[in-house]
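Biologist: Please give me a close account of one part of this model, the pairing of its strands, and set that part in the context of the whole chain.

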Amino acid sequence: DWNMPDYVEEAIGRIRATVGHDGVILGLSGGVDSSVAAALIHKAVGDQLTCVFVDNGLLRANEARQVMDTFANHLEVKVIHVDASRIFFERLKGVNDPEEKRRIIGREFVEIFQGEAEKIIDAQWLAQGTIYPDVIESAGGKTKKANTIKSHHNVGGLPETLHLKLLEPLRELFKDEVRELGLALGLPRDMINRHPFPGPGLGVRILGEVKYEYAELLRHADQIFIEELHRAGWYQKTSQAFAVFVPVKSVGVMGDGRTYEYVIALRAVQTQDFMTANWAELPYSLLGKVSNRIINEIRGINRVVYDISGKPPATIEWE
Ligand code: XMP
């Protein structure tokens, strides 16, 4: 039987016994798994843990601030915040292919993380928020094939050249157990219940070339969509929901004038395992409200569409 306070004590004991007086580094992404791993390890070894949070400029609205508030300010975890957005936009200039974008974002992340890791000279351990389904997956489960369709770069997959030992305290846990553990460790409920967010972030939700201007428009549209889903009580009824930036201009009218602006697509799905998914039957009134707000509040967007494609044959993300 699963008893949370006992489990936390046991896990802390195991981490202390494993790590001793060594330093530990962890790449914090803002996602549930790395957040819970960070909170747990911090509880076990305190300042022996250093987290590295790389802002690639492709995060959701307020994400960097929330991560820093929660970890650095509230939990008093040592967090190195690297604002690398300019480098990422620079590297992505002129790149249109989705897989190429993933490779660039993944490679750049590793490089930056590695640079920071080398500065922490007493670090012997690399901590990762690997959970049980990830363990099965990399052992060659059914998701292997899906991974060749889209390469999945996460905070994981850091190179062996770091010469660090791996610390993976969530390896035995399922997602719902990780969430429960996170709550027990005092992480905010909205961080724990957040939809999954891909490693390449908005980089694969801006179709084709990634530009700062597009990322800003998309962040704003996505924020409105998510806010209205929460208000309508639909956020927890969907497995993943987000906006997609479509770099195509279409004609509209505003007042007496003609507009010629970009398109935002909304995507919301329900799924058990993310291998197959249904589009969510969101109420028309909710969709209408989101559309009105996006078009009225964001200059540069004059059309909003809703994606009604299932997976398969479509994927959840557009790239
Ligand atoms: P698709 O689009 O393949 O997405 O139906 C299935 C799930 O995987 C996430 N996804 C990614 N996660 N790096 C990630 O860390 C990626 O490159 C990536 N591509 C897709 C997607 O958000 C969905 O939850």
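Modeller: The account below begins with the whole protein and then turns to the strands and what lies against them.

This is a predicted model, in which local features need pLDDT of at least 70 and side-chain atom pairs count only at pLDDT 80 or more, while totals for chains, interfaces and linings use all residues. Residues are numbered from 1 along each chain as its sequence is written.

The protein has 11 helices and 9 strands; these are DSSP runs numbered from the N terminus, with helices (H or I) of at least four residues and strands (E) of at least two. Its C-alpha trace spans about 70 × 45 × 40 Å along the principal axes. The radius of gyration is 20 Å, which agrees with the value near 20 Å for a compact globule of 319 residues; this radius is taken over C-alpha atoms, and the globule rule is 2.2 Å times the number of residues to the power 0.38. Of the contacts with a separation of 6 or more, 76% join residues 24 or more positions apart, a contact being two C-beta atoms, placed from the backbone, within 7 Å.

To the pairing itself. Strands of a sheet pair through backbone hydrogen bonds, either parallel or antiparallel; here two strands count as paired if DSSP finds at least two bridges between them. An open sheet of 5 strands has the order β3-β2-β1-β4-β5, with parallel pairing. At its edges stand β3 (78-83) and β5 (165-167), each with a single partner strand, so one side of each has no neighbour in the sheet. From one strand to the next the twist averages 30 degrees. Within this sheet, β2 (residues 49-55) is joined to β3 by 6 parallel bridges, and Phe53 is placed opposite His81 of β3.

Helix α5 (residues 98-119) lies across β1 (23-28), β2, β3 and β4 (123-127), at about 145 degrees to β2; axes are lines fitted to C-alpha atoms, for helices over the stretch in contact, and angles between N-to-C directions run from 0 to 180 degrees. In the loop that leads from β1 to α2 (32-45) sits Gly30. Gly30 is buried, with 22 other C-beta atoms within 10 Å; the cut-offs are 20 or more for buried, 12 or fewer for exposed and partly exposed in between, with C-beta atoms placed from the backbone. Beyond its neighbours within four places in sequence, Gly30 contacts Ser35, Leu59, Glu63 and Val67.

Further along the chain, β6 (residues 240-254) and β7 (residues 257-270) pair antiparallel over 13 bridges. Two of the facing positions are Val251 opposite Tyr260 and Ser250 with its bridge partner Glu261. The β6-β7 hairpin has 2 residues between its strands, and Gly255 there takes a positive phi near 60 degrees. Strand β7 also runs parallel to β9 (residues 301-306), joined by 5 bridges, and Tyr262 has Ile301 of β9 as its bridge partner. With β8 (residues 278-279), β7 forms an antiparallel pair over 2 bridges, in which Gln270 is partnered by Asn278. Strand β7 is thus seen with three neighbours in turn: β6, β9 and β8.
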